[in-house]
Amino acid sequence: MCGIIGYIGRRGAAEIVVRGLKRLEYRGYDSAGIALVDGGLFCLKKQGRIADLEDALDYASLERYRTGIGHTRWATHGAPSDRNAHPHLCCAGKIALVHNGIIENYASIKKTLLDKGHAILSETDTEVAVHLIEYYYANNTLIDAVMKALSKIEGTFGIAVVSSDEPDRIIAARRGSPLILGIGDDEMILASDASAIVEHTRRVIYLEDNEMLEITGSEYRGYDLEKNRKNKTVEAIDWDLALIEKQGYDHFMLKEIFEQPETIRNAFRGRTLPDSGAARLDGLRLSDEELNSIERIIFIACGTSWHAGLVGEYLIEQYARIPVEVEYASEFRYRRPILRKGDLVIVISQSGETADTLAALREAKARGVRVLGITNVVGSTIARESDGGVYIHAGPEIGVASTKAFTSQITVLILITLLLSRRRDMTAEKGRGIIEDLVRIPEYVRSILDADERVREIASIYRKSRNFLYLGRGIHFPVALEGALKLKEISYVHAEGYPAAEMKHGPIALIDENMPVVFIAPRDEVYDKIVSNMQEVKARNGHIIAIANEGDEEIRSLAEHVIYVPPTKKIVSPLLTVVPLQLLAYHIAVLRGCDVDRPRNLAKSVTVE
Ligand code: G6P
């Protein structure tokens, strides 16, 4: 949700800033812009993609600039346009600012600034910040002016500010929106996330909320917002650059779908205890007594991570017999949630930065409840603010539609289920059986991926359909929701996920000869019921696409198209059944000519509420 970048050092800033913006583009792609300073200031901004900005830049003429900032926007206040694009400049054209977040009191600040004679050109909330800095800059250094301006600002921000009067520094500050500083050899790269940094350096510092940095080419100084010095610890990132390249795949989403055999393995590697049939998750930081005294678990998340939470509810209630609730983060925090002693909150977030999830985490902590985080991004705000947690180790997920993170989240939820169940009623033998199935999952996923071409053929038959229904029961109901979400997100086709039996209470009215219905129907205890639901769809001339277990002749005779998955224990089955749905959404989107990795209106990391 908006990406910001800053570079200062020995090399030309323009190319490094634009390269960084390309890495951050998945965070937003409504417009992009760059500002460079030496004794003067150069600024260019364009509605559209980074490529449009780059086309308009003449790098040769910009070679001399050693300090620059850039921005890729996901519009909140003001439509995508050149005028609303960042960086925003002050009236004198000396100061440039990029911002990720929302300035909530911008309207009142704007009024004051207009009264003082400032010309505010855009419809954004951001622009007031640069004018406010300009106002204080008359009698202050840049860092002091930024600090004074921030003291008047309510809301969230990650900002980077440069001035042509002090071209040897970048000022950065954070409240609510992530910022990381990469420390290179006589150069510094500031960015919203590590993907823009790793090709330059692996040494980073993470800004905390209400912290600022004054950055020159060779050093940085950390402060709080009252200018007290803060010591920052340098940490190492262990990402491989190859992970953020497409490596021959047409899209990041496809690459990430195909990475799942490996990412699922990474999520359980070293965490199962095959002898005792249990799991080991040291990062939870829960004592035996604490683990035994959990009376209720509340999962909190958004989007795909929320669907993973629904799978978690099913797993933990079924196997560990602990009551579970699953909450949308945005709903949880605004309705005075009832939390009690014995509750454990688990927030799930791929990015670890989703604003609503973070706010819910803080709300739960403020009410004295222990909060664990299941996150992917190491060092993310949610990972750092949780009392404990588990990294899913899926590697960077760049495609806006989440795929490998979902299966890794479920893998971790299976491990948590094992850990809790084995302390309760589950026998070691049962636990061992589950681990045996889990270990086979990467191979099974690979076999499903081998059916990619067949899924593409099915996609080509239905690429013009305007509506889809996804039906599943029990543990596969959340999989139905996730399949429908994938299709909506990237192909802009209306799709609904429903518990299969609920179809009779409404969606059945939609079924006619134009409606494809995707059934998730492996053999489990509700298999017969779901076969009846298929009959109901068939009787109304709907088209059935089924995900079923290998060798299922009954479903073959009912469905027009069947995609087979190997039979497994129910607890691990969502790891398989979701894969064909990811491929189906992907191929339909490609066949419809959609921009799969950058679907319209979406952003990978939603850092505004
Ligand atoms: C956005 C993304 C989704 C993601 C959701 C939650 O909407 O487009 O793919 O599931 O945010 O993100 P998180 O990083 O908290 O899992």
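**The ligand and its pocket**

Let me begin with the surroundings of the ligand, where the residues of the shell divide into four nonpolar, eight polar and two charged. Please keep in mind that this is a predicted model. In total, 14 residues surround the ligand, and the closest of them are Ser305, Ser349, Gln350, Ser351 and Thr354. Helix H10, which runs over residues 303-320, gives the most to this shell, with three residues.

Turning to individual contacts, an oxygen atom of the ligand lies 2.6 Å from an N or O atom in the side chain of serine 351, while for glutamine 350 the partner is a polar backbone atom, 2.7 Å from an oxygen atom of the ligand. A polar backbone atom of valine 400 is also 3.3 Å from an oxygen atom of the ligand. Of the 390 Å² of accessible area that the ligand has on its own, the protein covers 90%.

Which pocket does the ligand take up? The space it fills is the second largest pocket, whose volume is about 520 Å³. This pocket is lined by 29 residues, and Cys302, Gly303, Thr304, Lys604 and Val606 are the closest to its centre. The elements giving two or more residues to this lining are H10, strand S20 (343-349), helix H12 (355-366) and helix H17 (477-491).

Finally, the largest pocket has a volume of about 680 Å³, and among the 43 residues lining it, Val377, Val378, Gly379, Ser380 and Tyr391 lie nearest its centre. The largest share of that lining, four residues, comes from S22, and the lining as a whole divides into 17 nonpolar, 14 polar and twelve charged residues.

How values were computed: Residues numbered from 1 in each chain as written. Predicted model: local features only at pLDDT ≥ 70, side-chain atom pairs only at ≥ 80, totals over all residues. Heavy atoms only, no water. Near = heavy atom within 4 Å. Polar contact = N/O pair within 3.5 Å; in protein donor to acceptor, adjacent residues only side chain to side chain. Areas by Shrake-Rupley, 256 points an atom, 1.4 Å probe, with all protein chains shown as cover. 1 Å grid on protein atoms, 1.4 Å probe; cavity = no way out; pocket = protein on both sides within 12 Å on 5 of 7 lines; lining within 4 Å. Sits in = over half its atoms within 2 Å of the grid points. Nonpolar A, V, L, I, M, F, W, Y, C, P; charged D, E, K, R; others polar. Points joined across faces, edges and corners; volume = space filled by probe spheres on them.
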